[in-house]
Amino acid sequence: MATLNADGQRLPRVALLLGDCTGIGPEQCARVLSDGRLNDAARLVVVGDARVLEQGMRDAGVSLSWYAASSVAGIDWSRPEVPLIDLKNIDPTEIPRGVVSAESGRLTGETLAHAIDLARWGEVDAITFAPLNKAALHAGGWRYPDEHKMFAHLLDHRGYFSEMNVLDNQWMSRVTSHVSLRQALDQINFQSITDAIQLADRTMRRAGFARPRLAVAALNPHAGEGGLFGTEEIEIIAPAVAAAAQNGIDCRGPFPADTVYLKAFAGEYDGVVAMYHDQGQIATKLRGFNRGVTVTAGLDTVFTTPAHGTAFDIVGKGLASTGALENAVRLAARLAGSDGNRLAA
């Protein structure tokens, strides 16, 4: 397994989690690990249960050599075998597949918590997790609206954070996320829009953009049509965009949401700040469902995951695409490597 990139720099250590064992995550992980296709991007250590990884190998129809590492510090990265921190906490034969399972959600959360501890202790530089199920996590006792808020709690994070989605190096962020549309409307204000724009700019700079070009979406049809269909663009969104631009951020808008993504995907902008979840997700998932990556932005620890879900309908059939998972690992390594301060030997 390579430890240096083409420039001779130390590769980031990325903890790869197998996701919810009732879904396609184990299959995806086994496939990308079996041929070393990500060895040029990161030093990968699997965190989970060996029995789940073996289930993934059977689903994917692949074989791979792995060994149990007692700690990340003790890993010999020159070995060709895949290192595994075997938590021995999940017996996949005891949990029904292809359905939401509270027990699997509980154990998935337990595995995530262990990986977060590794990050807190400085043993890994980033975490990439295969698809999990929010309903299962919640039913399993992790009482958070989504995994991002769980991460923030476990990291004792104070301050603004949010998820972003990346597709073909187009970065999509949002002012509101996993709340009802009615709640989202109440949460859209000058400060929340400003926070979202600033976080997008900061995260994209960390990913290598010298000065990200951001487009900000409108809330109402036709960007309000001059106040005919709503005044939020005039009273809230435009002033927030103008203030961010005055502070040195290259942002413009608000643009009608039904055309702003056409501009971004055509190359006019590097990213779009949406007002609410589906406003951005519909556009990006239509463009590349099996390639998109979700990033938890604003936390000290880097988290990435495929933007798609656990795909219960194809579990165990050997059909799961690995494109988004591969992109997630590469993006995690890219974000972690930009820190330049934790890439230990």
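How many of the residues of helix 2 (residues 50-60) are buried? Select helix 2 to find out. The helix is mostly covered, with 8 of its 11 residues buried. Keep in mind that this is a predicted model.

**Stop 1: helix 2 and its cover**

Show the side chains of helix 2. The buried ones are Ala50, Val52, Leu53, Gln55, Gly56, Met57, Asp59 and Ala60. Now add the surroundings. Helix 1 (25-34) is part of the cover over these buried residues. The cover also includes strand 2 (43-48), strand 3 and strand 4 (82-86).

**Stop 2: the confidence colours**

Colour the chain by pLDDT. The average over the chain is 94. A score of at least 70 is reached by 96% of the residues. Then select residues 340-345, where the pLDDT is below 50. In the model this stretch has 17 contacts beyond near neighbours in sequence. Where pLDDT is low, the predicted coordinates should not be read in detail.

**Stop 3: the sheet**

Switch to a cartoon view. An open sheet is formed by 12 strands. Follow them in the order 3-4-2-1-5-12-11-6-7-10-8-9. The pairing is mixed. At the edges are strand 3 (66-68) and strand 9, and each of them pairs on one side only. Neighbouring strands of the sheet are turned by 25 degrees against each other on average, direction ignored.

**Stop 4: strand 5 and its partners**

Select strand 5 (residues 126-129). Which of its residues point one way, and which the other? Ala126 and Thr128 point one way, Ile127 and Phe129 the other. All of these are buried. In a regular strand the side chains alternate between the two faces of the sheet.

Next, add strand 1 (residues 13-17). Strand 1 and strand 5 pair in the parallel sense, over 4 bridges. Pick Leu16 and look across: its bridge partner in strand 5 is Thr128.

Now add strand 12 (residues 302-306). Strand 5 and strand 12 run parallel and are joined by 3 bridges. Here Ile127 has Phe303 in strand 12 as its bridge partner.

Step on to strand 11 (residues 293-297). Strand 11 and strand 12 run antiparallel, with 4 bridges between them. Find Val293, which stands opposite Pro306 in strand 12.

**Stop 5: the aromatic rings**

Show the Phe, Tyr and Trp side chains. The count of aromatic pairs comes to 4. Start with Phe151 and Phe303. Why is this pair called stacked? The ring centres are 4.0 Å apart and the planes stand at 10 degrees, so the pair counts as stacked; the limit for stacking is planes under 30 degrees apart. The pair links distant parts of the chain. Phe151 is in helix 5 (residues 147-154) and Phe303 in strand 12, 152 residues apart. Phe151 is buried at a relative accessible area of 0%. Phe303 is also buried, at 0%. Add Phe129 from strand 5 to the selection: ring pairs link Phe129, Phe151 and Phe303 into a cluster.

Move to Phe255 and Tyr269. Their ring centres are 5.8 Å apart and their planes at 50 degrees, so this pair is tilted. Phe255 lies in strand 9 (residues 251-255). Tyr269 is in the loop between helix 9 (257-265) and strand 10 (271-274). The pair ties together parts that are 14 residues apart in sequence. Phe255 is buried at 18% relative accessibility, and Tyr269 is buried at 8%.

**Stop 6: charges over rings**

Stay with Phe255 and add Lys263. The charged end of Lys263 sits over the ring of Phe255, 5.8 Å from its centre. Then select Arg43 and Trp77. The charged end of Arg43 sits over the Trp77 ring, 5.4 Å from its centre.

**Stop 7: two serines**

Is Ser162 buried or exposed? Select Ser162 in strand 6 (residues 162-167). Ser162 is buried, with a relative accessible area of 11%. Leaving aside neighbours within four places in sequence, Ser162 contacts Arg174, Leu199, Val295, Thr296 and Ala297.

Finish at Ser71, in the loop between strand 3 and strand 4. At 26% relative accessibility, Ser71 is partly exposed. Leaving aside neighbours within four places in sequence, Ser71 is in contact with Ile85 and Glu123. Draw a distance from Ser71 to Asp86. C-alpha to C-alpha, these two are 9.7 Å apart in space, and 15 residues apart in sequence.

Conventions:
Residues are numbered from 1 along each chain as its sequence is written. This is a predicted model: local features need pLDDT of at least 70, side-chain atom pairs count only at pLDDT 80 or more; totals for chains, interfaces and linings use all residues. Side-chain values use heavy atoms; hydrogens and water are left out. Rings of Phe, Tyr and Trp (its six-membered ring) pair if their centres lie within 6.5 Å; planes under 30 degrees apart count as stacked, over 60 as edge-to-face and the rest as tilted. Buried means under 20% relative accessible area, exposed over 50%, partly exposed in between (1.4 Å probe, protein chains only). A charge sits over a ring if NZ of Lys or CZ of Arg is within 6 Å of the ring centre and within 35 degrees of the ring normal. Two strands pair if DSSP finds at least two bridges between them. Axes are lines fitted to C-alpha atoms, for helices over the stretch in contact, and angles run from 0 to 180 degrees between N-to-C directions. Contact means heavy atoms within 4.5 Å. pLDDT is the predictor's confidence in each residue, from 0 to 100.
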